[in-house]
Amino acid sequence: MIFKINFLLLDYAIRSLMRRFNKNFFIFLILSVLIFLLASVLMIADAIKLELNSTLKTLPQITLQRFIAGKQSDVPIERVEALLDIEGIRSMTPRLWGYYYFKPAGVNFSVVGIDAYEEQYSSTLSKVVQKFDIKLLEKENGMIVGEGVKKVLSENYYADFFNFITPDGKWKRVQIAGIFHSDLALESNDLIILPKKLAYAILGMDESKATDIVVHVANVKEIPTIVQKITTRYPDMRAITQDDIRISYQNIFDYKSGFFLALFTVCAFAFFIIVYDKTSGLSSEEKREIGILKAVGWSSEHILKEKFYESFILSLSAFLLSISCALFYVYALQAPLLRNIFMGYSELKPAFLLPFSFNFSMVVLLFLLSVPIYIAATLIPSWRTSTLDADEVMR
Amino acid sequence: MIFLKDVCKSFVQGDETIDALANISLHVKRGECVVLKGMSGSGKSTLLSLIAGLAQPNSGEVSVDGREISKLPELFSAQLRRQKIGFIFQKFHLIPHLSALENVIAPLIPENLSLSRLDEKAKSAMEQCGIAHKAQMRVNRLSGGEQQRVAIARALVNEPLLILADEPTANLDEKLSRELIAQFERLKRQGITQLIATHDPLFFDLGFVDRVLEIKNGEFL
């Protein structure tokens, strides 16, 4: 019976909402802000977790770094051979990377050295790089750059090449052999891929050393044992596992979440004040209106139906608007401000797009936390008044 | 049409219990026009409220159109009030921020009528009371006389069998009071049963009034 729609009652409810426009608009605003904030935070958290999980899958199982005097130092490549005899290690790859400061623009480029002649690199690069000239790379005279690097270089009159200055003051003229596709811009924006030999020269590193070593193991359960064996053999090495990175990210994430918890508490407090105000009673004007309506033939059921329509329209429209705005804000606008507060400005580099993940259970949870609570808060005092004798209420 | 038997109603005010009605019995036939006279506080309004089902008696029986309204579930007593009874209140009891039209159609809303039927009924009631031209005005901007007409139109909009009027001329001047009395006379001719509670002497000598009953301290004299 209660769900049979009486369109005249519905019309009365809408008019009633409009009659108390200021009060209802204020409630609508608070409710919308609260749901929007909560939905945005949950959506960002969901997206970050999704991205984090997919990023973690691509990270090396173990990364070995060397520390001397508390600072990261290059790792002798001979250690790769020396460590390969540890049981459980499937492969070890020395990596070469660093930063090159480009003074005219005041920016750092990320420089990575690769073995260009290795088939695994050349086939992958040909897929992700436009205008790719493999010969230039193989001749150790070319580089692949991100769109951001290309733009910065072009602005400084380097259209096709760039003159690197090595730490010992020599010039290295390197041709641009390819540019990463624009859809990889966020990942490759500041990236320069160089043949290893050239990278060594530009970064000023000894060719017998690597920046770090990545280790792949046959059985992930053996990672703690393998790490222990490595660090026992080479006490100056630090092993970073996927779990370490996950915990590190999680700590940052949890710390930032605290800020939102505080923000949410303030909004929730405002919402519950409204709810408390609503449940604690109706204004004398509202009570009188209920009394009159009962006197002219409305039953308690009609009164409650009308109040239900009112609160349902208000809370549902606030809910739908908030969820729509949160979806747009988080996924279309990439959550400006909130995203930075959540992730920090550099902790999760490289930058990434918040991936779309519509969590239906989260939306249902938000709905249950807002709409039914508000409806109940509206119906309870109306029910109390409507069960009184109309004569008594009108007096 | 109206049948009351040994009806008692009392109110509690602080530590004191006030007997508003004491063993009242009354029978009003269909089409009859009865005037209840008595001073303020004599129990007239309480009696009308009990007949309309707006309040419950402490004891006794209150029946309207053959149904004991005091014992009906709330849903059915509301339906009876909406479909069979038109109540004209002393203080009009209009919803101030609604227009005259919205006030008049208020009793029809639970019926979920079509818009054309709603419009037809509202128009007819408002024209009958000479207030159709003020339909869109908010009632708090209308004069006392106009508000009274809106209240009467609201009481008539459901084409009731029974009109209960509580001090209907209390807030009107003599001219408007006479216009209202003429309205009651028309209703009498239409065969509508009327119970009018008043202490206005204008009602005591009217040709169309069948009976004048006096009530004092909650009892008929």
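**Exercises: a helix pair and two cores**

**Exercise 1.** Is the crossing of helix 2 of chain A and helix 12 of chain A left-handed or right-handed?

*Solution.* Keep in mind that this is a predicted model. The two helices cross in a right-handed way. Next, add the geometry: helix 2 (residues 21–58) and helix 12 (residues 300–332) of chain A pack at an angle of about 40°, and their axes are 8 Å apart.

**Exercise 2.** Find which residues of helix 2 of chain A meet helix 12 of chain A, and sort the contact by residue class.

*Solution.* Start with helix 2, where the contact residues include Asn24(A), Phe28(A), Ile35(A), Met43(A) and Ala47(A). Then turn to helix 12; among its partners are Leu314(A), Phe319(A), Cys325(A) and Val330(A). Finally, sort them: the contact has 18 nonpolar residues, five polar and no charged.

**Exercise 3.** Which helix gives the most to the largest nonpolar core?

*Solution.* First, take the core itself: it has 78 residues, and Ile51(B), Val104(B), Val150(B), Ala153(B), Leu164(B) and Leu195(B) have the most contacts inside it. Helix 5 (residues 144–156) of chain B gives the most, with six residues. Now look around Val104(B): leaving out residues up to four places away in sequence, Val104(B) touches Ala122(B), Ala125(B), Met126(B), Val150(B), Ala153(B), Arg154(B) and Val157(B). A second, separate core has 39 residues, including Leu64(A) and Ile176(A).

**Exercise 4.** What percentage of the residues in chain A is buried?

*Solution.* Chain A has 395 residues, and 32% of them are buried. For the wider picture, count its elements: 15 helices and 13 strands. Then consider contacts with a separation of 6 or more in chain A: 81% of them join residues 24 or more positions apart.

Note on methods. Residues numbered from 1 in each chain as written. Chains lettered and ligands numbered in written order. Predicted model: local features only at pLDDT ≥ 70, side-chain atom pairs only at ≥ 80, totals over all residues. Core = buried A, V, L, I, M, F, W, Y, C linked by C-beta atoms within 7 Å. Buried ≥ 20, exposed ≤ 12 C-beta atoms within 10 Å, placed from the backbone. Helix = DSSP H or I, 4+ residues; strand = E, 2+ residues; numbered from the N terminus. Contact = placed C-beta atoms within 7 Å. Axes fitted to C-alpha atoms, helices over the stretch in contact; angles between N-to-C directions. Left-handed = near helix turned anticlockwise from the far one by under 90°. Nonpolar A, V, L, I, M, F, W, Y, C, P; charged D, E, K, R; others polar.
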